[in-house]
Amino acid sequence: MKQLRNNVIRAGLDALYFTGAHHVLRPILAGVGTIFMLHHVRPARDDMFQPNRHLEITPDFLREVLSHVRALGVDIVSMDEAHRRMRERDFASRFACFTFDDGYRDNRDHALPVMRDQNAPFTVYVASDFAEGNGRLWWVALERVIAKAGIVEITRDGAVQRLDAGDPAAKQQAFNQIHDWLRMLPNDRDVQHAVSDLCARHGVDDTAIVRELCMSWAELRSFAPDPLVTIGAHTISHCNLARDSEADAAHEMRVSRERIETELQRPALHFAYPYGDRTAAAAREFAMARELGFATAVTTRPGMVFAENAEHLTALPRISLNGNYQNTRFLSVLTSGAATAMWNGFRRVDAA
């Protein structure tokens with residue numbers, strides 16, 4: 001089903017590109033700005049099984065995106081500057097922000113050199129448990145379990161399910177089934193317990209993954225002072241806030257910011273909702289971010305930034321630089337706003 005969805009999206013992007021409709025629609029649908037969403041930036045891998053491929057792009061593709069945005073005459077700005085422009089209604093020129101979720105080490109090792117080449121500011125949203133070295137990247141752990149397994153067993157609704165993982169196609173199907181099941185569990189504790197159980201049975205150390213992939217506080221202290229870098233908050237544990245009580249959600253948001261500010265001795269004024277879709281961030285969370293004093297908060301809801309978004313600064317949309325669509329012809333479509341406008345039924349603001 002996910003492959004079908006990817007194929008439909010790709011076909012839609014191609015249709016907009018080859019008809020040239022995106023050129024006609026750009027003045028109407030591009031809005032006043034774009035906030036790009038990224039996770040990993042690192043050289044391409046040749047593994048046949050890469051279920052989290054959508055979360056990574058190559059340094060070369062990032063360089064192409066930056067060059068494309070510059071060629072459009074768009075200003076690449078920090079989230080601080082984007083906030084100022086929206087607050088003051090300064091829309092004389094379009095802007096673009098680049099934002100990276102989770103705090104991966106490759107943001108420093110592979111993204112930063114590219115951003116420096118283009119003198120492009122960017123924001124990294126850090127989950128404080130990841131920087132502490134005791135968080136859980138459960139989606140990576142799940143990938144590693146299935147990569148080494150031939151059969152994967154899960155207990156779902158009291159029944160044991162045996163899933164074939166004997167070849168790359170079967171592994172992808174097993175990953176999709178388990179991933180979707182995990183996202184439906186009542187809370188993050190249940191997710192972590194289920195994945196840790198799988199890891200224990202298949203010899204994967206899920207406690208070590210975050211230290212392998214994410215920057216520590218010590219690394220962030222040398223990374224954060226770079227003039228191009230802004231550090232934002234991303235909760236303590238990378239939890240689904242919408243499934244937490246109001247008190248727990250507020251704690252996750254507030255304490256993540258406090259930890260960053262204490263460890264790095266600099267303000268963390270911007271926030272990104274983990275997962276960030278409608279099931280993870282909605283009106284309650286948007287209000288909470290505002291009440292906690294965050295200047296902006298970004299979702300994963302797709303969309304361009306319009307002038308009207310200035311009234312909803314803690315519910316900002318983003319454009320995903322998805323590793324499944326690292327194709328230069330798609331850039332012009334994505335930055336035109338045509339694809340996301342169609343996705344959103346031509347609503348300019350989605351902040352409910």
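Ala-141 is buried, its relative accessible area being 0%, in a model that is predicted rather than determined by experiment. This alanine belongs to helix α7, which spans residues 138-148, and, once neighbours within four places in sequence are set aside, Ala-141 is in contact with Val-195, Cys-199, Val-204, Asp-206 and Ile-209. Thr-279, by comparison, follows 138 residues apart along the chain, and its C-alpha atom is separated from that of Ala-141 by 22 Å.

Aromatic side chains make up the second topic of this report. The structure holds nine aromatic pairs, among them the one formed by Phe-271 and Tyr-273, which counts as edge-to-face because the ring planes stand at 80 degrees, with the centres 5.2 Å apart. Both of these residues, Phe-271 and Tyr-273, are buried. Another of the pairs joins Tyr-325 and Phe-330, whose ring centres are 6.4 Å apart and whose planes meet at 70 degrees, so this pair is likewise edge-to-face; Tyr-325 and Phe-330 are both buried as well.

Phe-271 and Tyr-273 also take part in one aromatic cluster, together with Phe-286 and Phe-294. Phe-294, a member of that cluster, in addition has Arg-257 lying over its face, while the ring of Tyr-275 has the charged end of Arg-183 sitting over it. The two arginine placements are set out below.

| Arginine | Aromatic ring | Distance from ring centre |
|---|---|---|
| Arg-183 | Tyr-275 | 4.4 Å |
| Arg-257 | Phe-294 | 5.0 Å |

Definitions and conventions. Residues numbered from 1 in each chain as written. Heavy atoms only, no water. Helix = DSSP H or I, 4+ residues; strand = E, 2+ residues; numbered from the N terminus. Buried < 20%, exposed > 50% of the residue type's maximum accessible area, 1.4 Å probe, protein only. Contact = heavy atoms within 4.5 Å. Phe/Tyr/Trp six-rings, centres within 6.5 Å; stacked < 30°, edge-to-face > 60°. Lys NZ or Arg CZ within 6 Å of the ring centre and 35° of its normal.
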